[in-house]
Amino acid sequence: MSQQNTVRVRRGSAVVAAAALAAGGLVIAPNAASAAPDGSGLVISEVYGGGGNSGAPLTHDFVELFNPTSDPIDLSDLSLEYKSAAGGSGGVVDLSGAVEPGGHFLVQLAAGNGAGDALPEADQTGSINMSGANGRVYLYEGSGQFDGVSGDVAGIEGLVDMVGYGTAASYEGSPAPGLGNQTSASRAADGADTDDNAADFSAGAPSPVNAAGETTAPEQPEEPEEPGEVVETTIADARGLSAGTRVEVPGVVTAVYPVGGFRGFTIQDPSGDPDDDVSDAIFVWGDQAVAAIGGDVEIGAPVRVTGATDAYNGLAQLRFESVETTDDLGEVQPIADWAVVADEESREAHMSELVQPDAAFVVTDNYDANFYGSFLLAQGEEPLVQPTAVIDPHDADAIAERIAEDDARTITLDDGRSVNFNSQKGEPLSYLTPENRVRVGDAVSFERPFVLDWRFDGWSLQPTEPIEGAGAEHVTFETEDGVDVAPTVDGDISVAIFNVLNYFPTTAEEYVDADLGTCTFYTDRDGARITANRCDPNGPRGAADDESLARQEAKIVQAISELDASIVSLQEVENSIAFGKDRDFALETLVDALNAHEGAETWAYAESPLEVPADEDVIRNAFIYQQAEVETVGASHILLDHEAFENAREPLFQGFKPAGAADDEAFLVASNHLKSKGSGADDGTGQGNANPDRIRQAEALAAYTTEVQELTGIEPVLLTGDFNSYAMEDPAIAIEGAGFTNLNYALNGGEATYVFQGRSASLDHVFANEAALDLVTDVDVWQINAQEQIAYEYSRYNYNATLLFDETTPFRASDHNPIVVGLAAADEPGDDDEEPTEDAGETGAEDAGEELTDDAGETGAEDAGEEPVEDAGENGGEDAGEAGAEDPGEEPADDASETGGEDATESGSEESAEAGSEDPAEDGAEDAADGSGAGESGDGSAEDAGGSADDPATDDDGSGDESAPLSPTGGGIAVTGIGALALLAVLAGVALRRRAA
């Protein structure tokens, strides 16, 4: 096969040195670049992503810069990044050199499949592979990735210029036109910049200019030659002929795509040699090929096809000329043994052939189903796991080995269409129906053969005809029993964590009506406002209006009510003081809704401390509790004005005790939400952006815990919340090193609370110190959110002709799964003299290099895209616009400006997680730039998935005391009073890393 792009994102690298400018013997320091719509600053003057594709006039993608000023502009502190239309990063080029006054600067990017002429000599090169139709290009100050904010980004701090084209989710003003293999987006020659991409850019023939003023104008196409003679041959031999050779080949029709954008059919030679490393099948493309479907061309028909050999983005095909029926050619037998096509080389050898795997597969990501009708599948019985949940992130070799193993396990299940359902909202979704939920972790059964296809820059399984409805005649999905039922944990009382996905009773419309600022909105397919996109300054990030808020609140109330925990630690609650209201207004609103649902006085909230930080985020941490089960002890405590939390929510502590108990039975619970992975410095350790910030926050939390213990005299402590850190990452390890045990991993197998880009794990944790560990009786995760379709979210109400939102169910109330911990009253200690059974010691992390055990490996969470964009970027992000989609390829971001990641910022994380009903198109935007219809460009990867986990470990020592505290064990050996890190080392063979705090 000709050169192919991989589905993994590669970061671009610059290969040119800065040039010094001198005049009169003096070194002139070029000016620094800054955003300047008045023409006084550097601009992006042209972008082109069709380089090397079929019919492209140029071999490479490129971005051209222009300096409209009278002074040189220094590039040394600037970066250039490409993001897919609504997904993650495609790579970053750290710029160097300078742009002369009135001059251009040409950055050559990735080559396609060889078509076209060379660019003029580039001033800098990179390996970014841009989409030819839809995408986003950022020019900005600093390094690392730029925040994936959706909507109008003009004027954002640090942004020098930005171009969004086609269906881009981000842009200045409004998007530039969609492009193709033969068109670029060019700014006017004078560099005019009105901060409106649609007004400033026009589509036309690409015309790159370098610093020397050299340009390459594509030559006019030559007059077509007379058609050559037709060669009668086999499909296998035709694949080896040069492009444009006219052939006649026999084959059986195996798949037909009369609608949906593929524009063709597939044929396969039943008599071909399956062991000759050459495929015996080929795709036949063209409008006339579509016209032939239903006549001579139908599945199972023996035909002889005449056409010219061709390739499109790596997919071998014939350009259709004619077809006729022929004598019986035999029956095509689909490949059943997955090992035959398990690696890249073997898949190439069987491209376009029929397969019907008999191996076990599960859904490991379902995010792209809401955009392109596709799922990421993983071979085996478990979804993929985030490597840094089980492997030391500093062990690069082990991480690389795991990623390679995971890549070999996965393939995309597609729908036989190139439809982008986000932009074609009237087209009903493929596969998804109210009855066919398709969760992460669902087992997959192939009822019919599929075509092994190379399309949209990745391998996929295409049905033999476009999917309509659930597609159950082609493939079925089975959900494990019991996942819909809320867990019942042993113990006298319970503590849970729940991320409420930017719960803002102050709606965006109210914010605007009160003249507090301005907002843009995500709308449904009828134009009704659903969620906030961006509200400035620092406004709401949730529902657009009261009707949308009611939908969001209905799901949250049902979920918390069914969870039935005594205490709920909340994250992503509106900090109402930001809007001139009582700080607890949002909490009071939620409690009133819960009491209306369950009965008056059932729930209460822990009041805010008398003194709060001077500069808080617009979202906060909080506690609600059931008054019949627990009481508060003393006032709440919040860390005040600590420099480590300048970009995160300060930890909140509250003392609780069982209702009616003495104060000496009290314990402390802390609600936390550390910095997201969506923005900040990347330390290169694979733990997402801002890892050093999270480490400092974890250390500050540990120190403040000691202060609160001393202040209150309460020893047992549970640290709960969204730590934006997987279990083996530095922040989590820092907390364990302070004497805490990670309960979900030590006692519950490490069930996933989050899914990002097809990998499941937990960003949310409950850590217990030794005194609190003595009270723990049970731990479980309710897989209610992360594995569910994002279409169930309130933010996706009426965004497609298939309406999946159902306010009568609690599913997809958020993008994070809740963890619930059972506790025994302090006067009912466990019998430390009795050895707990092995069930109590089933941990979730095995050796660094191995998959989790059934208990550990069955994860259950999905937002982001790297790691999920935690706050804003992933489904349910903190950003107004990240209410619920995960941006593939991006880390979650927790600021309103960070859309697409593991936290609120990750809400969309996968990707981004834009709160709006309009999910921007993702990395693999299906553009139909070329004839073959292989229009979905992008990485083809999906967000992580998680499966359901086994029942949590229980103290099954035969004592009959269901509320007896658990002791983490391994092989029947009780290990108490140590942190989860040591537990994992003892129980799972994970190397214990000790680093200075």
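## Helix α10 and the residue that follows

Immediately after helix α10, G739 adopts a positive phi of about 105 degrees. The structure described here is a predicted model. Helix α10 comprises residues 730–737, and six of its eight residues are buried, so the helix is largely enclosed by the rest of the structure. The buried positions in α10 are D730, P731, A732, I733, I735 and E736.

## Helix α7

Helix α7 covers residues 546–563, a run of 18 residues. At 1.5 Å a residue, α7 should span 26 Å, and the 25 Å between its end C-alpha atoms agrees with that expectation. Of the 18 residues in α7, 13 are buried, so this helix is largely enclosed by the rest of the structure. Just beyond α7, D564 has a positive phi of about 60 degrees.

## The six-stranded sheet and helix α9

Six strands make up an open sheet with mixed pairing, in the order β39-β40-β41-β42-β46-β43. The edge positions are held by β39 (630–638) and β43 (741–742); each has a single partner strand, so one side of each is left without a neighbour in the sheet.

Strand β39 runs antiparallel to β40 (residues 649–658), and six bridges join the two. Within this pairing, I638 has L652 in β40 as its bridge partner. Helix α9, formed by residues 691–712, lies across β39, β40, β41 (667–673) and β42 (717–722). The helix α9 runs at about 35 degrees to β40.

## The four-stranded sheet

A further open sheet consists of four strands in the order β8-β7-β12-β14, with antiparallel pairing. Here β8 (89–94) and β14 (159–165) stand at the edges; each is paired with a single strand, so one side of each is left without a neighbour in the sheet. On average, neighbouring strands of this sheet are turned by 10 degrees against each other, with direction ignored.

The edge strand β14 is joined by six bridges to β12 (residues 135–141), and these two strands run antiparallel. One residue pair in this register is V137 with its bridge partner V163 in β14.

## The disulfide

A search of the whole structure identifies one disulfide. It is formed by C519 and C535, whose sulfur atoms are 2.0 Å apart. The pair links distant parts of the chain, 16 residues apart: C519 belongs to strand β34 (residues 518–523), and C535 belongs to strand β35 (residues 529–536).

The link of C519 and C535 is right-handed, with 115 degrees about the S-S bond. Both cysteines, C519 and C535, are buried.

## The surroundings of H60

Residue H60 is located in strand β5, which covers residues 60–66. The side chain of H60 makes a polar contact with the side chain of T59, at 2.6 Å.

Leaving aside residues up to four places away in sequence, H60 touches Y48, G51, G52, Q108, L109, A110, A111 and L119.

Notes. Residues numbered from 1 in each chain as written. Predicted model: local features only at pLDDT ≥ 70, side-chain atom pairs only at ≥ 80, totals over all residues. Heavy atoms only, no water. Pairing = 2+ DSSP bridges. Contact = heavy atoms within 4.5 Å. Axes fitted to C-alpha atoms, helices over the stretch in contact; angles between N-to-C directions. Polar contact = N/O pair within 3.5 Å; in protein donor to acceptor, adjacent residues only side chain to side chain. Buried < 20%, exposed > 50% of the residue type's maximum accessible area, 1.4 Å probe, protein only. Disulfide = S-S within 2.5 Å. Expected span 1.5 Å × (residues − 1).
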